[in-house]
Amino acid sequence: GIDVNYQHPEFFTGPLFESIRLHHHGITQLLLEHGASIHEREVFSQQTPIQFAIEHNNREAIQLLETYQ
């Protein structure tokens with residue numbers, strides 16, 4: 001019952017973006033498998049998850065996100 005696309009109102013980010021930033025690929029995959037949107041924009045940066053992964057030089061996340069397009 002947890003919203004995988006939730007973005008915290010004070011920190012302006014959500015679990016998918018944090019898993020990408022911290023290179024937690026297992027969490028990223030789990031979130032995507034449970035409906036995290038690859039089109040959702042982070043409130044703070046206004047980036048999509050792929051743009052966010054590119055900025056954080058997270059090649060594994062980029063490859064994973066591309067499989068969900």
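This report walks through a salt bridge, a buried acidic residue, a surface patch and two backbone angles in a predicted model.

Local features here need pLDDT of at least 70 and side-chain atom pairs count only at pLDDT 80 or more, while totals for chains, interfaces and linings use all residues. Residues are numbered from 1 along each chain as its sequence is written, and side-chain values use heavy atoms, with hydrogens and water left out.

**The salt bridge**

Let's start with charge pairing. A salt bridge is a side-chain nitrogen of Lys or Arg within 4 Å of a carboxyl oxygen of Asp or Glu, and the count by this rule is 1. Its partners are Glu18 and Arg21, whose closest N and O atoms are 2.5 Å apart. Both belong to helix H1 (residues 15-21), where they sit 3 residues apart, about one turn of the helix. Helices are DSSP runs (H or I, at least four residues), numbered from the N terminus.

Accessibility is graded as buried (under 20% relative accessible area), exposed (over 50%) or partly exposed (in between), using a 1.4 Å probe and protein chains only. The table shows some residues on that scale.

| Residue | Relative accessible area | Class |
|---|---|---|
| Glu18 | 23% | partly exposed |
| Arg21 | 37% | partly exposed |
| Phe44 | 65% | exposed |
| Gln46 | 46% | partly exposed |

**The loop between H2 and H3**

Glu42 lies in the loop between H2 and H3. What is the nearest side chain of opposite charge to the buried Glu42? That side chain is Arg21, 6.9 Å away, and Glu42 has no salt bridge. For this purpose Lys and Arg count as positive and Asp and Glu as negative, with His and the chain ends not counted. The Glu42 side chain does make a polar contact with the side chain of Thr13, at 2.7 Å; such a contact is a pair of N or O atoms within 3.5 Å, one able to donate a hydrogen and the other to accept it, and sequence-adjacent residues count only if both atoms are side-chain atoms. Beyond its neighbours within four places in sequence, Glu42 is in contact (heavy atoms within 4.5 Å) with residues including Gln7, Phe17 and Phe52.

Phe44 is also found in the loop between helix H2 (25-33) and helix H3 (49-55).

**Two positive phi angles**

Most residues other than glycine have a negative phi. Gln46, in the loop between H2 and H3, has a positive phi near 65°. Asn57, in the loop between H3 and helix H4 (59-66), has a positive phi of about 50°.
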